[in-house]
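Q: Please take a close look at one part of this model, the charged side chains that pair with one another, and describe how each pairing is placed along the chain.

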Amino acid sequence: AAQLKASEEELARVRQEFEEQIVGIITESAWKLQQRATEHMAEVQDLRARFEEAVRTRDEESQKWAQRAEETDARHADELADQSLRYKTLFDDMAASAAAEAASA
């Protein structure tokens, strides 16, 4: 009976030790997984921030180019209007000069 009791106590001690080791392994594994997940989340957040910055930069550059295009179009329209006015004035002057010559002839 004493031997049986000693065997049961040894079994209980081994079981307790085994359970503690299993809990330790699971806890360590869970901690490592949590650490890896945290690192991956940091990487994802960094990538998200870089992507958002790239989108913001792209949008700003697009707006700059659109503004430049509008300014260029407006400048060209003004230049064409000025050129058209110069030609009209030149043709009006030529027509008046031709009419004056015809009237004096």
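A: E61 has a relative accessibility of 32% and therefore counts as partly exposed, and its partner K64, at 41%, is likewise classed as partly exposed. In this predicted model, the side chains of E61 and K64 meet in a salt bridge, with 3.4 Å between N and O. The two residues sit three positions apart in helix α1, so that about one helical turn separates them. Side chains of opposite charge can pair when their charged atoms come close.

Another pairing within helix α1 joins R50 to D46, whose closest N and O atoms are 3.4 Å apart. Here the spacing along the sequence is four residues, again about one turn of the helix. R50 counts as exposed because its relative accessibility is 54%, over the 50% that the class requires, whereas D46, at 39%, counts as partly exposed.

Towards the start of the numbering, K5 and E9 form a salt bridge with an N to O distance of 3.9 Å, which falls within the 4 Å allowed for such a contact. K5 and E9 are four residues apart in helix α1, which runs over residues 2–104, and so they too are separated by about one helical turn. K5 has a relative accessible area of 51% and is therefore exposed. Besides these pairs, E10, R13 and E17 are linked to one another in a network of salt bridges, and a search of the whole structure finds nine salt bridges.

The setting of these contacts can be described from the chain as a whole. The chain has one helix and zero strands, and its C-alpha trace spans about 155 × 10 × 5 Å along the principal axes. Its radius of gyration is 45 Å, where a compact globule of 105 residues would have a value near 13 Å. Buried residues make up 0% of the 105 residues, and the chain exposes about 9,600 Å², of which carbon and sulfur atoms supply 59%. As for the charges from which the pairs are drawn, the chain carries 14 positive and 24 negative side chains, and the centres of these two sets lie 5 Å apart.

Key
Residues are numbered from 1 along each chain as its sequence is written. This is a predicted model: local features need pLDDT of at least 70, side-chain atom pairs count only at pLDDT 80 or more; totals for chains, interfaces and linings use all residues. Side-chain values use heavy atoms; hydrogens and water are left out. Buried means under 20% relative accessible area, exposed over 50%, partly exposed in between (1.4 Å probe, protein chains only). The radius of gyration is taken over C-alpha atoms; the globule rule is 2.2 Å times the number of residues to the power 0.38. Accessible areas come from the Shrake-Rupley method with a 1.4 Å probe; for residues, only the protein chains shown count as cover. Lys and Arg count as positive and Asp and Glu as negative; His and the chain ends are not counted. The place of a charge is taken as NZ of Lys, CZ of Arg, CG of Asp or CD of Glu.
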